[in-house]
Amino acid sequence: RGTAASALSRILRHKEALVSSLVDKIGVRALSEHLGDASPKLQQAFLTILNAALINPPPRLVKSLLESDHPIVPQVMKQLDMANVVIRGKALLTLQLLVC
C-alpha cells in the first residue's frame, strides 16, 4: 500500500489536474484515515497528495477538510510528533496551506 500511495503521489506531481478529482473520489474520510496509518511511507505519500490539493484548492475542499466528521487537522497535528523529519515538514506545510 505504501509503494502504491508513493507512486500515486509522484504521478500527481506531474499531472496536477488529477489532484482535485482524486481527492473528490477518495474523500476526506479516507485522507484522514490514511494520515493516521502506522506506515510512515503511507503517511508521507498522503501528506504529499493533500499538500498538492491545497496549493490550488476548490473552495469546497477546504471547507470539507475543516468541517467533516473526520477532521484532518488533528491527524496533521499528530504528524508533528513523528520521528521522520520529512513527515513533520510536510505536516507543517499542510497546516500553513490550510491557514492561508
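**Salt bridges and two helices in a predicted model**

Let me begin with Asp37, which forms a salt bridge with Arg1, the closest N and O atoms being 2.5 Å apart; by salt bridge I mean a side-chain nitrogen of Lys or Arg within 4 Å of a carboxyl oxygen of Asp or Glu. The pair links distant parts of the chain, since Asp37 sits in the loop between H2 and H3 and Arg1 in the segment before H1, 36 residues apart. Helices here are DSSP runs (H or I, at least four residues), numbered from the N terminus.

I should say at once that this is a predicted model, in which local features need pLDDT of at least 70 and side-chain atom pairs count only at pLDDT 80 or more, while totals for chains, interfaces and linings use all residues. Residues are numbered from 1 along each chain as its sequence is written, and side-chain values use heavy atoms, with hydrogens and water left out.

Asp37 counts as buried, at 18% relative accessibility, whereas Arg1 is exposed, with a relative accessible area of 65%; buried means under 20% relative accessible area, exposed over 50%, and partly exposed in between, with a 1.4 Å probe and protein chains only.

A search of the whole structure finds two salt bridges, and Glu33 and Arg29 also meet in one, at 3.1 Å from N to O. Being four residues apart in helix H2, Glu33 and Arg29 are separated by about one helical turn.

What, then, is the span of helix H2 between its end C-alpha atoms? Helix H2, residues 17–35, spans only 22 Å, where a straight helix of 19 residues would span 27 Å at 1.5 Å a residue, the expected span being 1.5 Å times one less than the number of residues. There is a kink of about 90 degrees in H2, centred on Gly27, the bend at a residue being the angle between axes fitted to the seven residues ending there and the seven starting there.

Helix H6, residues 85–99, should span 21 Å with its 15 residues, and its end C-alpha atoms are 21 Å apart, which agrees. Its buried residues are Ile87, Ala91, Thr94, Leu95 and Leu98. Seen down the axis of H6, these fall within an arc of 95 degrees, so they line one face of the helix; the arc is that of the directions from the helix axis to the C-beta atoms. The face turned away from that buried side carries the exposed residues Val85, Leu92 and Val99.
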